[in-house]
Amino acid sequence: RSGKRINLKKIIPFIASQFRRDKIWMRRTAPVKRTYQVLIAVDNSESMTAIGAQSFAREALAMIWKALAQLEVGDVGVIKFGDEGGASVLHAFDT
């Protein structure tokens with residue numbers, strides 16, 4: 001399509017502003033969405049095991065993962081740290 005198109009939802013505020021707010025035209029192209037890479041680090045040390053926080057960490061990780069998926073943030077990766085093996089990747093980025 002070519003040409004400009006008026007956004008009908010903005011007509012009344014345009015008239016009420018005495019024709020000063022002239023952002024009544026619709027955008028023809030979709031705005032560019034930014035994609036992010038989010039890395040979640042999970043503590044896997046003995047202190048987490050001692051206080052019984054491993055199940056809470058798993059629940060929190062699942063909740064954060066679900067929230068980031070709903071927001072369509074982009075790539076999500078997970079690493080664990082704190083044990084004898086050092087940091088290791090549990091889920092790598094897709095790219």
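Here are some questions and answers about this predicted model.

Me: Happy to start simple: what pattern does the protein follow along the sequence?
Reply: Let's begin with the parts. The protein has three helices and three strands. Read along the sequence, their order is α-β-α-α-β-β.

Me: How do β1 and β2 run, and how many bridges join them?
Reply: β1 covers residues 36–43 and β2 covers 74–81. One pair of facing residues is Asp43 and Phe81, the latter in β2. The two strands run parallel, and the number of bridges joining them is eight.

Me: And do β2 and β3 run parallel or antiparallel?
Reply: Strand β3 spans residues 88–91, and three bridges join β2 to β3. Within this pairing, Val78 stands opposite His91 in β3. The direction of the two strands is antiparallel.

Me: Which residue in the hairpin of β2 and β3 takes a positive phi?
Reply: Good one to look up in the viewer. This hairpin has six residues between the strands. The positive phi is near 105°, and the residue that takes it is Gly82.

Me: Which residues make up the largest nonpolar core?
Reply: As background, nonpolar side chains tend to be buried together in soluble globular proteins. Here, β1 and β2 each supply at least two residues of the core. Its six members are Ile40, Val42, Leu68, Val73, Val76 and Val78.

Me: Which residues is valine 73 in contact with, leaving aside its neighbours within four places in sequence?
Reply: Val73 belongs to the largest nonpolar core, and so does Leu68. Leu68 is also one of the contacts of Val73 once neighbours within four places are left aside. The full list is Arg34, Thr35, Tyr36, Val38 and Leu68.

Me: Does serine 45 count as buried or exposed?
Reply: Ser45 lies in the loop between β1 and α2, the helix at 46–50. Leaving aside neighbours within four places in sequence, Ser45 is in contact with Phe81 and Gly82. Buried means under 20% relative accessible area. Ser45 has 13% relative accessibility, so this serine counts as buried.

Me: What share of the residues of the protein count as buried?
Reply: For the surface as a whole, the protein exposes about 8200 Å², and carbon and sulfur atoms supply 58% of that area. The protein has 95 residues, and the share that count as buried is 17%.

Me: Last one: what share of the contacts with a separation of 6 or more comes from residues 24 or more positions apart?
Reply: One contact to picture is Ser45 with Phe81. Counting over the protein, residues 24 or more positions apart account for a share of 48%.

Methods. Residues are numbered from 1 along each chain as its sequence is written. This is a predicted model: local features need pLDDT of at least 70, side-chain atom pairs count only at pLDDT 80 or more; totals for chains, interfaces and linings use all residues. Side-chain values use heavy atoms; hydrogens and water are left out. A nonpolar core is a set of buried Ala, Val, Leu, Ile, Met, Phe, Trp, Tyr and Cys residues joined through side-chain atoms within 4.5 Å. Buried means under 20% relative accessible area, exposed over 50%, partly exposed in between (1.4 Å probe, protein chains only). Helices (H or I, at least four residues) and strands (E, at least two) are DSSP runs, numbered from the N terminus. Contact means heavy atoms within 4.5 Å. Accessible areas come from the Shrake-Rupley method with a 1.4 Å probe; for residues, only the protein chains shown count as cover. Two strands pair if DSSP finds at least two bridges between them.
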